[in-house]
Amino acid sequence: MKERLTCEGITKDFVNPRSGEILRALGPIDLAISKGEFLAIVGPSGCGKSTLLGIFAGLVQPTAGRAFIDGKLIQSPGLERGVCFQDYALFPWLTVQKNVEFGLRARRVSANKRYDTARAFIARVNLAGFEDRYPHELSGGMRQRCALARVLANEPEVLLMDEPMAALDAQTRQILQDDLLKIWGDGSTRRTVVYITHSIDEAVYLADRIAVMSARPGLIKAMINNDFPRPRPGVREMPEFARRTNEIWQLIRDDALEALASTQK
Amino acid sequence: MTSGRVQRIWRFVALPLLLIAIWQIAVSHYVPASSLAPTPTGVIRGFVELLTSGELLAALEQSLLRIAFGFTFALALAIVIAVLVATWKPFAYMVDPILETFRPIAPIAWVPMAILWFGTGTYAAIFIVAYAAFFPIYVNTLAGVRNIDRGLLNAAKTLGARPTFIARAVIIPAALPSIILGARLGMGLAWAAIIAAEMTVGSKAGGGGSGGIGQMMFVFLLYRLDLRYIVVGMISIGLVALLIDAIFQLIGRRVSPWLNRGN
């Protein structure tokens with residue numbers, strides 16, 4: 001399969017403003033993500049997984065190393081890469097309709113086309129009927145649906161998702177996970193997804209491959225081939241599901257406990 | 001009219017009525033008749049006189065126009081400069097210290113300069129008004145732009161927005177509640193500066209209404225020593241400014257629906 005997103009020797013250092021000491025937060029990271037692949041990245045808090053996603057998005061410049069999309073160097077955000085944020089980042093002064101139209105308006109698509117396209121994607125994420133609501137009038141799940149529609153309206157080939165369901169309750173999350181898999185598509189029309197999560201269960205349910213990260217510095221500790229057959233409605237009940245979830249937990253447990261301890265210090 | 005409405009109106013007028021009553025009693029009982037202290041009844045008579053002669057409305061119209069021009073100019077300039085200062089570091093280093101140096105200088109201090117630059121008349125008055133209104137709008141807009149959620153800017157960038165579109169479609173709307181707060185304060189200072197501003201209009205208007213409300217008050221003080229008319233001027237300014245502020249608050253609620261869930 002063709003490689004869509006790659007990175008070589010990515011690192012990110014931060015300077016401690018008080019001591020002047022240089023801290024390596026991330027890397028070096030090498031990754032290759034195929035066209036149409038769903039890659040989940042799991043790791044304890046503070047492992048730099050969001051930073052890595054920011055580098056692919058073109059929002060964060062790495063200290064060293066390079067990231068590529070279809071062989072082209074990533075230097076800034078691009079329309080072929082849509083980004084979903086954990087806090088949704090919806091514009092609070094715009095209705096659902098206008099939020100979804102935002103990217104089209106930035107590209108000067110005509111008002112009629114904008115309207116129709118936005119309607120279609122709002123329906124696609126099951127938010128029809130809420131077009132005239134403001135974000136503060138929506139539940140968390142509906143806000144994330146709106147954010148997803150806004151990204152999809154630009155028809156990106158790659159979806160970069162930064163813990164998009166972390167703030168949702170368990171039931172909403174499961175429903176949205178299934179909707180996301182539908183939107184992901186099938187066969188040759190599948191988008192490429194990089195999905196950051198701290199939920200192992202979520203990663204095993206959604207992904208084709210799972211990159212397991214360690215903390216301080218953030219490194220890819222293991223790459224797990226997560227080849228459960230699709231569609232996966234009953235996969236959570238399979239003993240292999242529990243086994244794989246546990247296997248990943250064993251990999252990150254020490255780091256997770258350490259991360260927890262350092263926040264309690 | 002519902003009883004709730006009556007109650008609200010009553011709450012609105014109760015304190016002013018009480019203060020006016022105290023004022024009337026104080027002046028008529030405790031101040032010698034020879035003094036110039038005006039009474040509420042005298043002020044009301046003065047108000048009627050100025051209103052029927054047309055002087056008051058003509059003066060208010062003049063001042064309102066000067067304020068409208070000066071304020072609009074200040075608003076546009078303050079927003080553009082604040083957005084540039086907040087988003088473009090070299091510009092901030094050059095411009096912000098200069099503006100902060102000018103900020104504490106009172107508008108009235110500029111009267112001679114304004115006359116020197118613009119001559120006596122409306123242009124000088126507009127300059128003083130714009131100067132007075134500029135700073136609160138600038139300071140508040142700057143704070144508003146600096147406090148924008150970085151996530152919104154990142155979202156806009158990943159959705160394909162270019163810097164000018166981000167400024168127009170994200171930065172300005174996100175900072176709008178702060179801009180409107182600055183505009184409310186700026187409008188208040190514009191009215192506060194109207195007397196200073198209309199000192200520049202000079203006596204060519206002859207002390208009549210057409211010099212504006214500030215000029216009118218100034219002339220009544222200097223040439224007629226009639227404090228009643230000055231109080232009429234004060235109250236008129238207060239009422240017009242109150243009305244304008246109410247309009248701004250209404251606009252503020254309209255443009256930031258996410259900020260007033262409670263009411």
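How many C-beta neighbours does D70(A) have inside 10 Å, and is it buried, exposed or partly exposed? I come back to that in point 5. Keep in mind throughout that this is a predicted model.

1. The sheet in chain A. Six strands make up an open sheet, and the order across it is β6-β7-β8-β3-β9-β10 (chain A), with mixed pairing. The edges are taken by β6 (81–84) and β10 (219–225) of chain A; each has a single partner strand, so one side of each has no neighbour in the sheet. On average, and ignoring direction, neighbouring strands here are turned by 15° against each other. As a reminder, strands of a sheet pair through backbone hydrogen bonds, in either the parallel or the antiparallel sense.

2. The β6 edge. β6(A) and β7 (residues 158–162) of chain A run parallel and are joined by four bridges. If you want a pair to click on, V83(A) has L160(A) in β7(A) as its bridge partner.

3. Around β9. On one side, β3 (residues 38–42) of chain A pairs with β9(A) in the parallel sense over four bridges, with L39(A) bridged to R209(A). β9(A) is also joined to β10(A), this time antiparallel and through six bridges; there S214(A) is matched with L219(A). Why call β9 (residues 209–214) of chain A largely enclosed by the rest of the structure? Because five of its six residues are buried.

4. The hairpin and what follows. Four residues lie between β9(A) and β10(A) in their hairpin, and R216(A) in that turn has a positive phi of about 50°. Further on, have a look at P231(A): the peptide bond leading to it from R230(A) is cis, with omega near -5°. P231(A) sits in the loop between β10 and α7 (239–264) of chain A.

5. Two more positive phi values. D70(A) is not a glycine, yet its phi is positive at about 50°. It belongs to the loop between β4 (64–69) and β5 (72–73) of chain A. Back to the opening question: D70(A) has 13 C-beta neighbours inside 10 Å, so it counts as partly exposed. N126(A), also not a glycine, has a positive phi of about 60°, and its loop runs between α3 (111–124) and α4 (140–152) of chain A. N126(A) is partly exposed because 16 other C-beta atoms lie within 10 Å.

6. The A/B contact. Chain B brings 17 residues into contact with 21 residues of chain A. On the chain B side, α7 (150–158) and α8 (163–192) each supply at least two residues. α7(B) gives the most, with six residues. By class, the side of chain B that touches chain A has ten nonpolar, five polar and two charged residues.

7. The nonpolar core. The largest one has 137 residues, and the members touching the most others are V194(A), I128(B), V129(B) and A133(B). Which helix gives this core its largest share? That is α6 (residues 122–146) of chain B, with 16 residues. Beyond its neighbours within four places in sequence, V129(B) contacts residues including R66(B), I67(B), F71(B), A190(B) and A197(B).

8. Domains of chain B. The domain assignment splits chain B into domain 1 (1–31) and domain 2 (40–260). Taken over C-alpha atoms, the centres of domain 1 of chain B and domain 2 of chain B are separated by 30 Å.

Notes:
Residues numbered from 1 in each chain as written. Chains lettered and ligands numbered in written order. Predicted model: local features only at pLDDT ≥ 70, side-chain atom pairs only at ≥ 80, totals over all residues. Pairing = 2+ DSSP bridges. Axes fitted to C-alpha atoms, helices over the stretch in contact; angles between N-to-C directions. Contact = placed C-beta atoms within 7 Å. Nonpolar A, V, L, I, M, F, W, Y, C, P; charged D, E, K, R; others polar. Core = buried A, V, L, I, M, F, W, Y, C linked by C-beta atoms within 7 Å. Buried ≥ 20, exposed ≤ 12 C-beta atoms within 10 Å, placed from the backbone. Domains from an automatic or database assignment.
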